[in-house]
Amino acid sequence: MKISVYTVFILVLFSFQAALLYSLNPFGIQPDLCLIITCLVGFRVGQVPGVLVGFPLGFIQDLFSAGPFGLNTVTKAGVGFLAGVFAKNLANRAPQAAFLPVMACSVLSAIVFLLLSRMGMGLGEMLYGFSSILLPQALLDGVVAIVANWVLVRWLLEAPSA
């Protein structure tokens, strides 16, 4: 039952990101929902569920992207693991506490993509990509993660009061 729920959730999430969020991109930047959800699963549930959600999300992204095959799979699984490790060392998992791990994971994932996909670029071009794309993307991912974590904590995980 749990596997079928995860499978449907992963397919719906990827479809939502690919179809609807493509047109919603403030400042030319689109939030990476697959990365955000992978981080939140690792952050809220633990390392192993983070990897188990990140791996198929990354694999599906690899199937439909033009980048190097396997890179999304490895980075998303690693992000789920890192978020789980980070959460184990936190005393308070308030909704705003998700900002830093998601932002850090977004930066690490983007650096890996930048280095592996733009090997022939000069240092100036890489620094420009870092300041104009990578950091704003990480900030947007962090803000979306705060909102998603707040919704998750407030409405989905909180027990209904009688």
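Helix H4, residues 71–88, has 18 residues that at 1.5 Å a residue should span 26 Å, and its end C-alpha atoms are indeed 26 Å apart. The expected span is 1.5 Å times one less than the number of residues. Helices here are DSSP runs (H or I, at least four residues; strands are E, at least two), numbered from the N terminus. This is a predicted model, in which local features need pLDDT of at least 70, side-chain atom pairs count only at pLDDT 80 or more, and totals for chains, interfaces and linings use all residues. Residues are numbered from 1 along each chain as its sequence is written, and side-chain values use heavy atoms, with hydrogens and water left out.

The buried residues of H4 are Leu71, Asn72, Thr73, Thr75, Lys76, Ala77, Val79, Gly80, Ala83, Gly84 and Ala87. Buried means under 20% relative accessible area, exposed means over 50%, and partly exposed lies in between, with a 1.4 Å probe and protein chains only.

Several of these residues recur where H4 meets another helix. Two packed helices are described by the angle between their axes and the distance between the axes. The axes of helix H2 (residues 33–44) and H4 come within 7 Å and cross at roughly 35 degrees. Such axes are lines fitted to C-alpha atoms, for helices over the stretch in contact, and the angles run from 0 to 180 degrees between N-to-C directions. The crossing of H2 and H4 is right-handed, that is, the near helix is turned clockwise from the far one by less than a right angle, whereas an anticlockwise turn would be left-handed.

On the H2 side the contact (heavy atoms within 4.5 Å) is made by Cys34, Leu35, Thr38, Cys39, Gly42 and Phe43, and on the H4 side by Lys76, Val79, Gly80, Ala83, Gly84, Phe86 and Ala87. By class, eight of the residues in this contact are nonpolar, four polar and one charged. Here Ala, Val, Leu, Ile, Met, Phe, Trp, Tyr, Cys and Pro count as nonpolar, Asp, Glu, Lys and Arg as charged, and the others, Gly among them, as polar.

H2 is mostly covered, with 11 of its 12 residues buried; among them are Leu33, Ile36, Ile37, Leu40 and Val41. From its first C-alpha to its last, H2 reaches 16 Å, close to the 16 Å expected. Just after H2, Gly46 takes a positive phi of about 140 degrees.

Helix H3 (residues 47–64) also has 18 residues, and its end C-alpha atoms are 26 Å apart, in agreement with the expected 26 Å. Its buried residues include Gly50, Val53, Gly54, Leu57, Gly58 and Ile60.

Two of these H3 residues can be related to helix H1 (residues 2–19), which holds Phe9 and Leu11. Phe9 and Val53 are 44 residues apart in sequence and 9.5 Å apart in space, C-alpha to C-alpha. The C-alpha atoms of Leu11 and Ile60, 49 residues apart along the chain, are separated by 8.4 Å. Phe9 counts as partly exposed because its relative accessibility is 37%, and Leu11 is partly exposed at 45%.

Over the whole protein chain, the secondary structure comes to six helices and zero strands. Of its 162 residues, 38% are buried. Among contacts between residues at least 6 apart in sequence, 69% join residues at least 24 apart.
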